[in-house]
Amino acid sequence: MTELSHGAAWMGGRIIPISEASIGVTDWGLTHSDITYDVVPVWGGAFFRLPDYLDRFFASVAAVRMNILMDRQEVHAALEEMVAASGLQAAYVAMVAARGPNTVPGSRDPRDCSNHFYAWCVPYVHIVKPEQAEKGTSVWIAKSVRRIPKDSVDPRAKNYHWGDFTSGLFEAKQEGFETTALLDHQGNVTEGPGFNIFALFGDRLVTADQGVLQGITRKTVIEIARSKGLTVEERPLPFDEFLQADEVFLSSSGGGVIPVVRVDAHSFSNGAPGPVARSLRSTYFEWLEEPRFRSPIQYG
Ligand code: PLP
């Protein structure tokens with residue numbers, strides 16, 4: 001184990017241990033949560049679906065009107081150099097664009113900020129421990145908060161506005177649940193901290209089309225599901241309908257497909273992961289190893 005194998009960062013062209021990586025106290029990324037970011041998994045020594053994650057990252061950077069002065073190839077090279085230096089074969093790799101400090105004294109104009117890119121990686125993160133995911137996890141629907149409306153903070157640009165999720169997580173932990181999911185102001189199921197949500201009705205899978213991050217795992221699950229002959233509907237999912245589902249599961253770059261067996265007082269698929277969620281979960285892990293999705297890392 002080297003120091004970098006616990007986590008490494010790329011800051012201004014230098015690779016440093018993650019424990020030494022920091023941003024300034026006047027950075028709008030910190031003072032205004034003015035950051036957009038993305039997280040690509042590394043599995044078996046290769047990035048999974050890197051072009052998709054880079055597309056989403058650069059779309060987010062454009063949506064929040066930042067200029068990081070780096071193109072796709074340069075970001076790819078920075079990520080690869082960092083992961084290679086860490087030696088990590090399975091990693092959680094974050095690429096971040098921050099608004100930066102305002103460089104004009106007294107200015108409150110966002111255009112005067114000096115935007116910057118940095119990246120960091122740590123050993124692969126499972127948002128739900130694999131042992132628990134295998135048994136099926138539990139989700140608490142937050143009661144004190146709703147998901148920030150999409151016309152206030154666009155969830156398609158991955159962001160650090162986690163106040164709603166954090167409140168939901170406090171509720172969930174208090175109630176003895178693993179994680180939380182949020183409804184929108186119309187009462188539809190949206191997403192949770194780090195995942196999209198799917199509900200299965202017969203051979204139809206339903207997942208929210210708006211008010212959520214367009215997850216890359218969500219996209220992968222949709223492709224796998226269609227390849228298995230399931231129908232996929234992307235549309236609003238009212239909470240009352242959701243509770244009638246045969247199976248429920250989460251999708252995340254941090255652990256793939258995660259079966260859910262309990263939502264509030266309701267139990268799903270007789271309290272054990274359903275057959276469709278189990279099958280999608282194992283196919284997701286197979287797809288992680290498929291050459292067509294892999295961008296191998298050259299370790300030094
Ligand atoms: N929704 C939110 C709010 C997220 O933060 C994430 C991932 O971190 C997801 C959904 C799932 O997206 P992906 O499958 O790209 O990891």
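In the predicted model, an oxygen atom of the ligand lies 2.6 Å from an N or O atom in the side chain of S253. A further oxygen contact of the ligand involves the backbone, where a polar atom of I216 is found 2.8 Å from an oxygen atom of the ligand. On the nitrogen side, a polar side-chain atom of E191 is placed 2.7 Å from a nitrogen atom of the ligand. The ligand taken alone exposes 390 Å², and 92% of that area is buried by the protein.

The site that receives the ligand is the largest pocket. The ligand is surrounded by 16 residues, and the closest of these are K158, E191, I216, T217 and S253. Classified by residue type, the shell around the ligand comprises five nonpolar, eight polar and three charged residues. Several secondary-structure elements take part in this shell, with at least two residues supplied by each of strands β9 (191–192), β10 (195–201) and β13 (247–252) and by helix α6 (216–227).

Beyond the ligand site, charged side chains were examined for pairing, and the structure was found to hold 17 salt bridges. In one salt bridge, the side chains of R56 and D38 meet at a distance of 2.7 Å, taken from N to O. Because R56 belongs to helix α2 (residues 50–63) whereas D38 belongs to strand β3 (residues 35–43), this pair ties together parts that are 18 residues apart in sequence.

How values were computed
Residues numbered from 1 in each chain as written. Predicted model: local features only at pLDDT ≥ 70, side-chain atom pairs only at ≥ 80, totals over all residues. Heavy atoms only, no water. Near = heavy atom within 4 Å. Polar contact = N/O pair within 3.5 Å; in protein donor to acceptor, adjacent residues only side chain to side chain. Areas by Shrake-Rupley, 256 points an atom, 1.4 Å probe, with all protein chains shown as cover. 1 Å grid on protein atoms, 1.4 Å probe; cavity = no way out; pocket = protein on both sides within 12 Å on 5 of 7 lines; lining within 4 Å. Sits in = over half its atoms within 2 Å of the grid points. Helix = DSSP H or I, 4+ residues; strand = E, 2+ residues; numbered from the N terminus. Nonpolar A, V, L, I, M, F, W, Y, C, P; charged D, E, K, R; others polar. Salt bridge = Lys/Arg side-chain N within 4 Å of Asp/Glu carboxyl O.
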